[in-house]
Amino acid sequence: APVGLSADEPLPPPLGAEEWLELMGGEVAALHSDRATGDDLVPAEFVKAAGDGYLRILAQLAATSASTGFPTAWRGGTMTPDPRKVGLPLSVSNSRGILLCALPAKIVTKVLRRKFAEVLPRKQHRLEHRGDRDACF
């Protein structure tokens, strides 16, 4: 049995495309438009403007990928420094690393994180203190 579940406890059924679509809608609404794009160069404004059509395709892809494996392009990204205090020279003590990842991957991992949090006990998953990509992939 997966960590946190007893052997006699049934696993939740996999998400269907309609469930993915419903869960993704809330995640897209929460996207920040002023954030940097990932390697795919897809800005949050595009996803919001594309609306239901884009999300339906992404939901179908996520539902299929959940059983066959997620695209390798969604694993990883570009690590870049983000200065804590603007105007000071870039240094280890004045910056933090941020991962610029593909926007579809970000949306999917946020949904997965929420679903994992429902299934796994709080003591073991601690997802609320970890980044989405680190927690899911």
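Trainee: What does the secondary structure of this chain come to?

Mentor: In this predicted model, the chain has 6 helices and 2 strands. Starting at the N terminus, the order is α-α-α-β-β-α-α-α.

Trainee: How much of the chain is buried?

Mentor: Of the 137 residues, 28% are buried. The accessible surface is about 8,900 Å², and carbon and sulfur atoms hold 57% of that surface.

Trainee: And what share of the contacts with a separation of 6 or more joins residues 24 or more positions apart?

Mentor: That share is 57%.

Trainee: Let's pick one residue. Why is Ser65 called buried?

Mentor: Ser65 has a relative accessible area of 4%. Buried means under 20%, so Ser65, at 4%, counts as buried. You will find Ser65 in helix H3, which covers residues 52–68.

Trainee: Which residues does Ser65 touch, leaving out those up to four places away in sequence?

Mentor: Ser65 touches Phe70 and Pro71.

Trainee: Now for the helix pairs. How do H3 and H4 pack?

Mentor: H3 and helix H4, residues 103–119, pack at an angle of about 65 degrees, and their axes are 11 Å apart.

Trainee: What makes H3 roughly perpendicular to H4?

Mentor: Angles of 65 to 115 degrees count as roughly perpendicular. The angle here is about 65 degrees, so H3 is roughly perpendicular to H4. The crossing of these two helices is right-handed.

Trainee: Which residues meet there?

Mentor: From H3 come Tyr54, Leu58 and Ala62, and from H4 come Pro104, Ile107 and Val108. By class, this contact has 6 nonpolar residues, with no polar and no charged ones.

Trainee: How do you know that those residues are nonpolar?

Mentor: Ala, Val, Leu, Ile, Tyr and Pro are among the residue types that count as nonpolar. The names in the contact are Tyr54, Leu58, Ala62, Pro104, Ile107 and Val108, so the nonpolar class takes in these residues.

Trainee: What about H1 and H3: at what angle do their axes cross?

Mentor: The axes of helix H1, residues 17–29, and H3 cross at roughly 125 degrees and come within 8 Å.

Trainee: Why is H1 called oblique to H3?

Mentor: Roughly perpendicular covers 65 to 115 degrees, and roughly antiparallel means over 145. An angle of roughly 125 degrees fits neither range, so H1 is oblique to H3. H1 passes H3 in a right-handed crossing.

Trainee: Which residues make that contact, and how do they divide by class?

Mentor: On H1 they include Trp20, Leu21 and Met24, and on H3 they include Leu55, Arg56 and Leu58. The contact divides into 10 nonpolar, 2 polar and 3 charged residues.

Definitions and conventions:
Residues are numbered from 1 along each chain as its sequence is written. This is a predicted model: local features need pLDDT of at least 70, side-chain atom pairs count only at pLDDT 80 or more; totals for chains, interfaces and linings use all residues. Side-chain values use heavy atoms; hydrogens and water are left out. Helices (H or I, at least four residues) and strands (E, at least two) are DSSP runs, numbered from the N terminus. Buried means under 20% relative accessible area, exposed over 50%, partly exposed in between (1.4 Å probe, protein chains only). Contact means heavy atoms within 4.5 Å. Accessible areas come from the Shrake-Rupley method with a 1.4 Å probe; for residues, only the protein chains shown count as cover. Axes are lines fitted to C-alpha atoms, for helices over the stretch in contact, and angles run from 0 to 180 degrees between N-to-C directions. Angles under 35 degrees count as roughly parallel, over 145 as roughly antiparallel, 65 to 115 as roughly perpendicular and the rest as oblique. A crossing is left-handed if the near helix is turned anticlockwise from the far one by less than a right angle, and right-handed if clockwise.
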